[in-house]
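Good morning. I will show one protein chain today and walk through a few parts of it.

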Amino acid sequence: MFNYRISFESPWWLFYLVMGVVGVVALWWFSFRTLAALGPGRRIASLVLRSLVLLLLILALAELQLVRRNDRLTVIYVLDQSESIPAERREAMLDYVNAAILEHRQRDDRVCVIVFGRDASIEIPPFDDDVQIFNVESELDPNYTDVARAMRLAQASFTEDASKRIVLVSDGNENLGDAGELAQALAGDGVGIDVVPVRYEQRGEVIVERVTVPGNVREGQPFDLRVVVNNTKRPTGDGSDAVAGRLVVKQRAEGRTQTIIDDRIELPPGKQVFGVEWDLDASGFYEYEAEFIPDRPEDDMMPQNNRATTFAQIRGKGKVLLIEDEDTPGEFEQLIRALRRQTVGGEELGGQKLEVNVRSTKQLFSHFSELQQYDAVLLANVPRERFSDEQIRMLVRNTQQMGAGLVMLGGPNSFGAGGWANTELEEAMPVDFQIKSAKVIPRGALAMVMHASEMPQGNYWQKKIAEEALKALGPRDYCGVIHYGGRGTAWLWKPGLAVVGGKRQLMLGRLDRMAPGDMPDFDPGLQLALRGFATVPDAAIKHMIVISDGDPTPPSRGIVRALAKSKITVSTVAVACHGPAESKRMANLSKATGGRYYAVQNPKALPKYFQREARRVAQPLIYENKQGVRPYVKYYHQMISGIDSLPPIKGFVMTTRKDNPLVEVALVSPQPGVERNRTILAGWTYGLGRAVAFTTDAGARWASDWTGWENYDKLFGQMVVWAMRPPAEDGKFTVATDVEDGQVRLVITALDQNDEFLNFLNMSGTVVQPGADLETTAVDVEQTAPGRYVATFPTSDPGSYFATINPGAGMPPIRTGVSVPYSDEFRSRATNDALLYRLANLEPEGGEAGQLIEGPDDFSDLQPYLAVNSFRRDLPKATSSQPVWYYLVLLACCLFFFDVFVRRVQVGFGWVPACAGWAWGTVFGRREQEAPIEVIERLRSRKAEVGDQVEQLRATARFEPSADAPAELPSADGMPGPPSTSKKAERPSLTPEPKEESYTERLLRAKQRAWKKKGGKEE
């Protein structure tokens, strides 16, 4: 009973209680007289009910709550599962938790277990039982330790009806988050924190801490390359603490690797610095990697920290990367020679020739760092399927964030015809790759028959490849998917072949939910497709892609002939075939209809095949004219400076100019369609770089008349130079980088040409982070001293971070980068006792400080750990509030009803004694049955007496009527009735008593009035 109390959510309404008391007094004063007709009992009852209704309404407005206090406790064990803790210690931590729960948990107490590394996960939710944990099922990133995130998850897991305690089992070596700050907030909320330190011997580790090169490396000048290696073993003095192994330093540039150092070394405890003098004879971007390989693996238990990287960039003459298709090598040879004849940089670079590196799509870049040596990248008629999503993202980030140029040259494999629609690269170009409203562009239709359920991860890959094919289609194209499901072979959406248009996202959503089964027969699917193509007669290209293992019944000859007669091409993709017969079945179908046959062993190759086949439908985007059309100048751009007229071209890829004021269209074709779809040359600024779209080719196919044109070199040279990254101003800015405690620090020194400090520059910067997504973050740059500016940003993941600093208007951006080889988790450190003691000493609001639970470091004896009871009751009792205002409103409504009932309805209580008597007799036996019998006898006697009186009155009324009364009573029909045969009696007085009249007399008078009215007679 004493565990409950009341509270008010809106206590200011209690002020109206004072007014309510005054109102009750006034109510009693004025209503006591007006309710006098009710009698004293009913009057008092009504006033009491009205007063209670008023009081209940005031309490309801104040939101009365019932607060319960209880002794229940919720204990959440938070276990560190990061790599800094040895595996055997992590297993011992589980044993401790299990023993502590069995030893100390009381009835109704809840237990929860949370595990964490970089992220946190609930292993066992709060449960009021002796739960046990034997292994960790959650998938975590153990390369980091974020104690704060785990404690935040614990805070969210607590319930309000119990006291709260966290038991942290960790070494305290956090490298993400701030557990101390969060613990302060938890203590303020009454959460207690016990800490179990996890201690271990400092392991002998060899750490390659860093590789350094000077920030001002120049071409042809030697520089010092240094490697810092640290042996963390404690010195013993007898030489046994030295670690022997090999130190290997490599240089990577343009896909080539060169070994600089490969020496045997012996590392005594402490840090050692190894240096080598090196020089670079060519400009470019160079990456250096140092690795220590121990002779005995047991001397170095963490190989993750044995490698460090850095990079250096040597700026020289302008450098361009041209990527050509592996199927058409040498197609742009004339363009390459023309670009190499270009002079760039003027006096700043000594009038140096432009350097052009050519790569085939077979030798594409794999790291973002490989693109940093180039000032522009040219995509020379290359299809989208040659590039992964990550490589496309690198190209875009290289332009948007690092300021490099991006030029796309036309051809049948470029722009929308090359499958580049709906990619990030389309966003970077000044034109859209789809024709949204051009009637001159024929439509294409694509149907896909999905049957690859026996392939490993078959459903996943079928969704993936269908999505890639759908993305390659234009908004005016048709698309349909046929699969085998619960309804048999059917279309995935209706109508079967639907216009993509605004339904693209809806179609992608349907594909994501697709679950195709094992199709037994090819014919139903091919028949559906044949009927579907018949409904789209405006489709200029009709194409099918069939993916299968070849198991279904082969298609009939009639279906195959009907497909060929309707000019429907069918390409087949054979996956997981069980033998040559099934593969041949697929090959025959494609051969008979003019399609292609693909035999795929690696499912990762499937998307590029579907992208290639989808491009067949996109071929109408190409406009060709054998007589040729002559482009005209739309805007005198810097790219066509000094060029007034151009030779004709025989074709180009149609696009749609973006509706953006930054887009500058220099050349336009006179036909076909509207002008916004006839762009030949356009450029714009995208982020920090520039992007150029040139929709015809460089002379191999459509612009063959340009190869002998005197302005050929000039046009393409100006186009590429305009897009290139602007040259840096040597001697003006220097950048130094440093990495410490998860933070990168950039120090920029700004000088003018006279070596005077440049102050008050409005600098800003962005950083491209490592990882597949290449996310970008903005960084603040502050001036800390004359000519010195500092920027810092966190390093949440290992890898290369590339920063671009914009010094201000009119100045080229400053590019730099830093490499973080591994997480701080892999730096050998002892237990962070300072943090753990701080957490345990926090005193929660209303409770006692936590406990530091210690015992043997290896958890071999759990009794010292179990001596501390984490389920002790030294925390503030938990309270749970239950709103009751709605009950008060309900009670007030009921009382108001009874108030009305008391005032409007009079209830007699004469029945109470009879009921009481009956109840008494029922309970105490037959002796009490006599009272009811006596009452009945008295009633009968009284009834007989009243009957005699009534008969006498009747006789008197009939034979001795008064002078005013009629001699006879009228009958029912209005005629005089027969005379009465009753005996004559003495006439009683009919004058009523002035004061009181009996019940019998009132009954008699009522009957007389009835007889007079109806003329009745006694039967």
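**A strand, a helix pair and a sheet**

I start with one residue pair: Leu79 stands opposite Val169 in strand β6. Leu79 belongs to strand β3, residues 73-80, and β6 covers residues 163-170. Before going on: this is a predicted model, where local features need pLDDT of at least 70 and side-chain atom pairs count only at pLDDT 80 or more, while totals for chains, interfaces and linings use all residues. Residues are numbered from 1 along each chain as its sequence is written, and side-chain values use heavy atoms, leaving out hydrogens and water. Helices (H or I, at least four residues) and strands (E, at least two) are DSSP runs, numbered from the N terminus.

Back to β3. Two strands pair if DSSP finds at least two bridges between them. β3 pairs with β6 in the parallel sense over 7 bridges. With strand β4, residues 110-116, β3 also pairs in the parallel sense, over 7 bridges. There, Ile76 has Cys112 as its bridge partner.

Is β3 buried or exposed? Buried means under 20% relative accessible area, exposed over 50%, and partly exposed in between, with a 1.4 Å probe and protein chains only. In β3, 8 of the 8 residues are buried, so the strand is largely enclosed by the rest of the structure. Leu73, Val75, Tyr77 and Leu79 lie on one side, Thr74, Ile76, Val78 and Asp80 on the other, and both faces are covered. For the protein chain, 49% of the 1019 residues count as buried.

Next, two helices. Two packed helices are described by the angle between their axes and the distance between the axes. Helix α2 (residues 40-61) and helix α18 (residues 885-904) have axes that come within 9 Å and cross at roughly 160°. Axes are lines fitted to C-alpha atoms, for helices over the stretch in contact (heavy atoms within 4.5 Å), and angles run from 0 to 180 degrees between N-to-C directions. Angles under 35 degrees count as roughly parallel, over 145 as roughly antiparallel, 65 to 115 as roughly perpendicular and the rest as oblique. α2 and α18 are therefore roughly antiparallel to each other. Residues making the contact include Leu49 and Leu56 of α2 and Leu888 and Phe896 of α18.

Last, an open sheet of 4 strands, in the order β11-β10-β13-β14, with antiparallel pairing. Its edge strands, β11 (256-267) and β14 (307-314), each pair on one side only. Between β10 (residues 243-253) and β13 (residues 284-294) there are 8 bridges, and Leu247 stands opposite Phe292 in β13.
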